[in-house]
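Open the model in your viewer and keep the selection tool at hand. Each stop below gives something to select and then says what is there.

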Amino acid sequence: MKLTGVELRRIRMPLVSPFRTSFGTQTARDVLLLRAVTDEAEGWGECVAMSDPLYSSEYVDAAADVLTRFLVPALAARPRLDANAVAPALEPFRGHLMAKAALEMAVLDAELRAEGRPLARELGATRDRVPCGVSVGIMDSIGELLDAVGGYLDAGYVRIKLKIEPGWDVEPVRAVRERFGDDVLLQVDANTAYRIGDARHLARLDPFDLLLIEQPLDEEDLLGHAELARMISTPVCLDESITSARSAAAAIALGACKIVNIKPGRVGGYLEARRIHDVCVANGVPVWCGGMLETGLGRAANVALAALPGFTLPGDTSASDRFYRRDITTPFVLDGGHLAVPTGPGLGVEPLADELEAVTTSTEWLPL
């Protein structure tokens, strides 16, 4: 293909309720979408960077800037383009994995649409539906938490993830276990909120038979995670620490994790996400697909990825109404605790014109 232009579109998506984690509270998402126009087809990408550099060093304004000034022009210089050529073309520019992932996603969608191939089949999916978990934010009270968890279980979610931080960890987990029993698949996510000195405290979570504790320590502290893994019986899962197949291999070799959360936006795109999956499968390490409050575009791609054989744990691929009253695509609806894998060309979904226009705050066309 030949890239002829890229549209950067900012949209604002209000959340159905505030979502609080150890690094802050979100009430809406400021989302950067990309529409890649080629001489053969158009494709959509979604940048998962947040408004502020709290979860990672990336944020939406910076992503828009680096795409405009560096990344899109680098692709424009290519006489012919396919998705596998995106990462090598962008490699000279350090970091900015979320921006790179969005651009690769748009090119990949365009390429697959032109050829009539679904993303799931391209990645190597082996299932036509995936089990879905849900991420539950930090609440103001245990009672509020129990009401929320009960609602998600009633809706059919097959796994519950509780966000935790110092002061909100053992007691919320205990309360959920006591109310809903040991059969509920339950895990926790600290988003780097603890230090190795908290190991004895985190060991207090061991009796609750958790699937995993996700990213308890700083993202750069692989040795600390390896030490913690020897001190607690709850399996350690890494999220923010995993930025590539190489970093996943290193973490596994060090014994820093027994499980890996793969977020395509965090690792530079869906092709690198597939490589991380392959590394983990080769080492007998289960993976699951994390979420970044994606719209239906990113959700469609995540569901396709989660259908690969190594994704043996339910991911954060929740239904559209978990976060949004109105999505920009046809909504993803939970069916028996599962979501169907899109079967159409590319992402298998595209924005609904009226819904997209209603939430658009700005657009910029980058002609090439």
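**Enclosed spaces**

Begin inside. A search of the whole structure, which is a predicted model, finds five cavities of 30 Å³ or more. The largest cavity holds about 180 Å³ of space. Select F19, K163, G291, M292 and L293: of the 19 lining residues, these are the closest to its centre. Now colour strand 1 (3–21) and strand 6 (159–163), the elements that give two or more residues to this lining. The lining of the largest cavity divides into seven nonpolar, six polar and six charged residues.

Move to the second largest cavity. Its volume is about 70 Å³. Select the residues that line it: E46, V48, A101, A102, M105, P264, G265, G269, Y270, E294, G298 and N302. Helix 3, helix 10 (264–267) and helix 12 (296–306) each supply at least two of the lining residues. Which helix gives the most to the lining of the second largest cavity? Helix 3 does, with three residues. By class, the lining of the second largest cavity has six nonpolar, four polar and two charged residues.

**Open pockets**

Next, the pockets. The largest pocket has a volume of about 380 Å³. Select A87, L90, E91, L97 and K100, which lie nearest its centre among the 15 lining residues. Then show helix 2, helix 3 and helix 11 (270–282), the elements that give two or more residues to the lining of the largest pocket. Helix 2 gives the most, with four residues. Seven residues of this lining are nonpolar, two are polar and six are charged.

Keep L97 selected and add E219, E240, T243 and R266. These five are the closest to the centre of the second largest pocket, out of 15 lining residues. That pocket has a volume of about 300 Å³. By class, its lining has four nonpolar, six polar and five charged residues. L97 is thus named at both stops: it is among the residues nearest the centre of the largest pocket and among the closest to the centre of the second largest pocket.

**Aromatic rings**

Show the aromatic side chains. A search of the whole structure finds five aromatic pairs. Select F70 and F93. Their ring centres are 5.7 Å apart and their planes are at 45°, so the pair is tilted. It links distant parts of the chain: F70 is in helix 1 (residues 60–76), while F93 is in the loop between helix 2 (86–90) and helix 3 (97–115), 23 residues apart. Turn on the surface. F70 is partly exposed, with a relative accessible area of 33%. F93 is also partly exposed, at 25%.

Now select F323 and Y324. This aromatic pair is tilted, with 6.4 Å from centre to centre and 55° between the planes. Are F323 and Y324 buried or exposed? Both are buried. Add F19 to the selection. Ring pairs link F19, F323 and Y324 into a cluster. You have met F19 before, among the residues closest to the centre of the largest cavity.

One more ring: select W288 and R159. The charged end of R159 sits over the ring of W288, 5.4 Å from its centre.

**Cysteines**

How many disulfides does a search of the whole structure find? Zero. Select C237 and C257 to see one case. The sulfur of C237 has its closest cysteine sulfur in C257, 7.3 Å away, which is too far for a bond. The cut-off is 2.5 Å between the sulfur atoms. C237 counts as buried, at 0% relative accessibility.

Select C289 and C132 for another case. C289 is in no disulfide, and the nearest cysteine sulfur, that of C132, is 10.0 Å away. C289 is buried, with a relative accessible area of 1%.

**Last stop: a loop glycine**

Select G284. This residue is placed in the loop between helix 11 and strand 11 (287–289). Is G284 buried or exposed? At 63% relative accessibility, G284 counts as exposed. Finish with a distance label from G284 to Y194. The C-alpha atoms of the two are separated by 27 Å, and the residues are 90 apart along the chain.

Technical notes:
Residues are numbered from 1 along each chain as its sequence is written. This is a predicted model: local features need pLDDT of at least 70, side-chain atom pairs count only at pLDDT 80 or more; totals for chains, interfaces and linings use all residues. Side-chain values use heavy atoms; hydrogens and water are left out. Rings of Phe, Tyr and Trp (its six-membered ring) pair if their centres lie within 6.5 Å; planes under 30 degrees apart count as stacked, over 60 as edge-to-face and the rest as tilted. Buried means under 20% relative accessible area, exposed over 50%, partly exposed in between (1.4 Å probe, protein chains only). A charge sits over a ring if NZ of Lys or CZ of Arg is within 6 Å of the ring centre and within 35 degrees of the ring normal. On a 1 Å grid over the protein atoms alone, a cavity is a set of points where a 1.4 Å probe fits but cannot get out, and a pocket is an open set with protein on both sides within 12 Å along at least five of seven lines; lining residues have an atom within 4 Å of a point. Grid points are joined across faces, edges and corners, and a volume is the space filled by probe spheres set on the points. Ala, Val, Leu, Ile, Met, Phe, Trp, Tyr, Cys and Pro count as nonpolar, Asp, Glu, Lys and Arg as charged, and the others, Gly among them, as polar.
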